[in-house]
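User: I should like to understand the terms used for this structure. Please explain how each one is justified.

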Amino acid sequence: MTRVFNFSAGPAALPEEVLKQAADEMLDWHGSGQSVMEMSHRGKEFISIAEAAEADLRELMGIPANYKVLFLQGGASLQFEMIPINLLRGKTSADYVHTGEWAKKAIKAAKTFTNVNVAASSEDKGYTYAPPQSGWKLSKDAAYVHYTANETIGGVEFNWVPETGDVPLVCDMSSNILSRAVDVSKFGLIYAGAQKNIGPAGLTIVIVRDDLIGKAQPTPPAMLDYKTHADADSMYNTPPTYAIYIAGLVFQWLKRNGGLAAMEQKNIEKSNLLYDYLETTDFYRNPVAKSDRSRMNVPFTLKDAALDEEFLKGAKARGMTQLKGHRSVGGMRASIYNAMPVEGVKALVEYMKEFAAAKG
Ligand SMILES: *Cc1c(COP(=O)(O)O)cnc(C)c1O
């Protein structure tokens, strides 16, 4: 068996240990005589899996008791809609920070429900930086402030958490959740699709402060109301059981490996390997402001785009896949989430050096 170094932005690589454990438990989970996929979501076996997953996530992130953790479906994209539906609470506007492709989609979705005040934007420099809070134009009567902690496509990450006073802070953490320690108490709501840094596609995690639940006006359809899912412990209807199980194994893997502080150090080390090399060459270029470069997604272009195909082919021959950049920006993108071992990043940098030496 040969496993590749998979640099996909999502669905993305999972820890090999987790995949092996899932394989071992595939036919018979803990003597139950069945696969987790075959279990009733209301049975005691699966309930124990879901409860452990939530408890481990709470421990890893230090989630305070006055926050609910919801295991939902529909991806981050459904949250682009559920957030205004639930959090406007009779107010008529929300503040959004525009930092690139994902913020743009969140803004577009919100506009169908409310007035959106773009409190800050990095459009002036092609979405290559995180606008400093000193320039934000927040509105006093905003229902909430929304920002994208890591722009997966542009490779721009906030290394700080905005201060929004009494106005709830809402964060799309799809592509950097669990990559670093965060103070959850600063947020009203955090959401993330699982397929970047948590587990399989199909699971979406929402961490929401109690007092923001059940205040939607008008009352939303049941499936779109956080209250429905909070009251039913995410079992109002069948949750994505297997995805929750794998996410739970990933949480245990994180705990065994030192938790988020240790993961953050590893992510700094890995991303520095790439950025330090990028600094030394003009064969490759990353356009992002140094202070806001993402530890998770590293986009770069080659000096001559005509070499892109050859670069990708050579990478594939060395067991490195999914390096092609997003169609909207071109070039390359190396996504190096928690599950990417440092060896994978070293192999990529070695290859980049060789390629530049041969073609530069
Ligand atoms: C991938 C991604 C999304 C979209 O997620 P879906 O689960 O496909 O809806 C939204 N925001 C960010 C930051 C992402 O990386």
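**Terms and their justification**

Analyst: A polar side-chain atom of K196 lies 2.6 Å from an oxygen atom of the ligand. The model is predicted, so local features need pLDDT of at least 70 and side-chain atom pairs count only at pLDDT 80 or more, while totals for chains, interfaces and linings use all residues. Residues are numbered from 1 along each chain as its sequence is written, and side-chain values use heavy atoms, with hydrogens and water left out.

User: What makes the K196 pair a polar contact?

Analyst: A polar contact to the ligand is a pair of N or O atoms within 3.5 Å. The K196 atom, at 2.6 Å from a ligand oxygen, therefore qualifies. An N or O atom in the side chain of T152 also qualifies, at 2.4 Å from an oxygen atom of the ligand.

User: Why is D233 called exposed?

Analyst: Exposed means over 50% relative accessible area, buried under 20%, and partly exposed in between (1.4 Å probe, protein chains only). D233 has 59% relative accessibility, so D233 counts as exposed.

User: Is S234 buried or exposed, and how do you know?

Analyst: S234 is buried, because its relative accessibility is 7%.

User: What is notable about phi in D233 and S234?

Analyst: Most residues other than glycine have a negative phi. D233, which is not a glycine, has a positive phi of about 50°, and phi of S234 is near 60°, also positive in a residue other than glycine.

User: Which peptide bond leads to P11, cis or trans?

Analyst: The bond from G10 to P11 is cis, with omega near -10°.

Note on methods: A polar contact is a pair of N or O atoms within 3.5 Å; within protein, one must be able to donate a hydrogen and the other to accept it, and residues adjacent in sequence count only if both atoms are side-chain atoms.
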